[in-house]
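Let's walk through this one together and ask, term by term, what earns each label. Have the sequence and the model open as you read.

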There are 2 protein chains.
Amino acid sequence: MDASRLTPAQMREKIRRGEWTGPTAGAAAGYTQANLVILPKELAFEFLLFCQRNPKPCPVLDVTEVGSPVPARVAPDADLRTDVPKYRVYRSGELVDETTDIQSYWSDHLVAFLLGCSFTFEQALLDNGVPVRHIEENCNVPMYRTNIDCTPAGRFSGPMVVSMRPIPHAQVVRAVQVTSRFPAVHGAPVHIGDPAAIGIEDLSKPDFGDPVTFHPGEVPVFWACGVTPQAVAMHVKPELMITHAPGHMFITDVRDEQFAVL
Amino acid sequence: MDASRLTPAQMREKIRRGEWTGPTAGAAAGYTQANLVILPKELAFEFLLFCQRNPKPCPVLDVTEVGSPVPARVAPDADLRTDVPKYRVYRSGELVDETTDIQSYWSDHLVAFLLGCSFTFEQALLDNGVPVRHIEENCNVPMYRTNIDCTPAGRFSGPMVVSMRPIPHAQVVRAVQVTSRFPAVHGAPVHIGDPAAIGIEDLSKPDFGDPVTFHPGEVPVFWACGVTPQAVAMHVKPELMITHAPGHMFITDVRDEQFAVL
């Protein structure tokens, strides 16, 4: 069975039953996947405010009611305690568990945030003939800590993390146009060209993910990355914090194109 | 002195000194003006979530830290207790005061929300040769309650309020394009044409503001309106709620064009 052809509901059912515990890239093609951050309600206002002030790294797709595991706007039939293939559980900033089901951790004082992920704009780049190197090379996107400070909110603050894609110089403008249509999934790049200008010393040594090949005439283009809010939240050392495991995303019922602003 | 030529800082200083207590339409031309809603912190998460879920009627421009009257992102030198020409103060949903200074009401458990207002996109319409009837007729924009439900968040729920502008049929598409560029100030229309389709019985009897003239060949076009969040918040009957008086807006340091997404 080709997972790319399954509907979001079918994929989530396989995941809920424990029949799918791997990464979700390419599954339920055409539907938006999301980053997950679960926090105690006493941090919810400040975290939502942090996202509102930093929409490029933290584009909010949905937030549950306090205590509800149902993302009613983007997947009303889903359950965020069981429908992500792999979770990471942190207590006071320390990883304490990696699991496929968080029902035992759930309580009615938790709030779940779903944030846009780069899969959506990468598909838009591919649809426009713009190459995406880490997909070609079948590895993780390279990610880097920058010297760009996020706008703080309450206890949340820290540097922006970016992902990088080498783009042929003749396609850089098109890459800006194509991704600008999708602010809900990181949107336009935050920087084009010189890595040093945003505090990155060596593109061959990413802070997260894998290095990728540059071809002659290609320019590094940097997008705000969904690792940012997780890193920032971790820094606060919440009593309990639960996220998806990298690459193991939540699949929504919303088609990628529905998030385009024009 | 022509107020349209003053800078935002100059206008705010006149307002702070009590030298300007009137409406702000046209003042500090080219700079974005904002709706103000001040609420107790215990409602802040739910109200921010309501705005996040209803970005067309409730486009968030800035939110202060709890207890701070400074909108640090859009006007870091301003003070929201003195820099709006006229405020309305509500206790448990009842209007108890209309005043030019709210320092005596301020406390460190309040949070101020600045939301985009239609002045910005109206200027964009005028710049594109699209007429704005209530400006031509020097009256308030007509506003109507609709049967479109906002997406609830916690205690906040209610119908969307819309503003209406008659647009010549040949310019309706352009009006959609022009306002789509500005999601931070209500953005694209929510409805074009038949008022009954969104629960409006009689265009000549607006729920707020004044009726305006239709010319032959004009189509009613409806935009989400900033009255919505005030009406919704009022319904919750907060212990204390402070807003700007209608038309007496907060003037930010941000140029209208900076809020365009493309």
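Q: Why is Met241(A) called buried?
A: A residue counts as buried when its relative accessible area is under 20%. Keep in mind that this is a predicted model. Met241(A) has a relative accessible area of 1%, so the label buried applies.

Q: Where does Met241(A) sit, and which residues is Met241(A) in contact with beyond its sequence neighbours?
A: Met241(A) belongs to strand E10 (residues 241-244) of chain A. Beyond four places in sequence, its contacts are Ile38(A), Leu39(A), Arg88(A), Val89(A), Tyr90(A), Gln230(A), Ala233(A) and Met234(A). One of these, Gln230(A), lies 11 residues away along the chain, with 9.3 Å between the two C-alpha atoms.

Q: What makes Asp253(A) and Arg12(A) a salt bridge?
A: The test is a side-chain nitrogen of Lys or Arg within 4 Å of a carboxyl oxygen of Asp or Glu. Here the N to O distance is 2.9 Å, so the pair passes the 4 Å cut-off. The two residues come from distant parts of the chain: Asp253(A) is in strand E11 (residues 250-255) and Arg12(A) in helix H1 (residues 8-16), 241 residues apart.

Q: Are the partners Asp253(A) and Arg12(A) buried, partly exposed or exposed?
A: Asp253(A) has a relative accessible area of 30%, so this residue is partly exposed. Arg12(A), at 2%, is buried.

Q: How do you know that Arg17(A) and Glu19(A) form a salt bridge?
A: Their closest N and O atoms are 3.9 Å apart, and the limit is 4 Å, so the pair counts. Arg17(A) has 56% relative accessibility, and the cut-off for exposed is over 50%, so Arg17(A) is exposed. Glu19(A), at 46%, is therefore partly exposed.

Q: What makes Lys205(B) and Asp202(B) a salt bridge, and why is Lys205(B) called exposed?
A: The N to O distance for this pair is 3.9 Å, which is within the 4 Å limit. Lys205(B) has a relative accessibility of 60%, so it counts as exposed, while Asp202(B) at 30% is partly exposed. Back in chain A, salt bridges with shared partners join Glu13(A), Arg17(A) and Glu19(A) into one network. Over all chains, the structure holds 34 salt bridges.

Q: How many salt bridges are counted between chain B and chain A, and what makes Glu65(A) and Arg53(B) a salt bridge?
A: The count between the two chains is 2. For Glu65(A) and Arg53(B), the side chains come to 2.6 Å, N to O, so the 4 Å criterion is met. On the side of chain B that touches chain A, helix H2 (44-53) and strand E2 (60-63) of chain B are the elements giving two or more residues. H2(B) gives the most, with 6 residues. That side divides into 11 nonpolar, 5 polar and 4 charged residues.

Q: What else describes the interface between chain B and chain A?
A: 20 residues of chain B are in contact with 20 residues of chain A. The buried area is about 1700 Å², and carbon and sulfur atoms give 67% of that area. There are also 8 residue pairs in polar contact, both at pLDDT 80 or more.

Q: How do you know that Cys51(B) is in no disulfide?
A: A search of the whole structure finds 0 disulfides over all chains. For Cys51(B), the nearest cysteine sulfur is that of Cys58(B), 4.5 Å away; a disulfide needs the sulfur atoms within 2.5 Å, so the pair does not qualify. Cys139(B) is in no disulfide either, the sulfur of Cys225(B) being the nearest at 14 Å. Cys51(B) is buried, at 2% relative accessibility, and Cys139(B) is partly exposed, at 22%.

Q: Which residues of helix H3 (residues 119-127) of chain B are buried, and what do they pack against?
A: The buried residues are Thr120(B), Phe121(B), Glu122(B), Ala124(B) and Leu125(B). They pack against strand E1 (31-40), helix H4 (133-136), strand E7 (159-168), helix H5 (172-180) and strand E9 (218-224) of chain B. Just after H3(B), Gly129(B) takes a positive phi of about 75 degrees.

How values were computed. Residues are numbered from 1 along each chain as its sequence is written. Chains are lettered from A and ligands numbered from 1 in the order in which they are written. This is a predicted model: local features need pLDDT of at least 70, side-chain atom pairs count only at pLDDT 80 or more; totals for chains, interfaces and linings use all residues. Side-chain values use heavy atoms; hydrogens and water are left out. Contact means heavy atoms within 4.5 Å. Buried area is the accessible area (1.4 Å probe) that two parts lose on being put together, summed over both. A polar contact is a pair of N or O atoms within 3.5 Å; within protein, one must be able to donate a hydrogen and the other to accept it, and residues adjacent in sequence count only if both atoms are side-chain atoms. Helices (H or I, at least four residues) and strands (E, at least two) are DSSP runs, numbered from the N terminus. Ala, Val, Leu, Ile, Met, Phe, Trp, Tyr, Cys and Pro count as nonpolar, Asp, Glu, Lys and Arg as charged, and the others, Gly among them, as polar. Buried means under 20% relative accessible area, exposed over 50%, partly exposed in between (1.4 Å probe, protein chains only).
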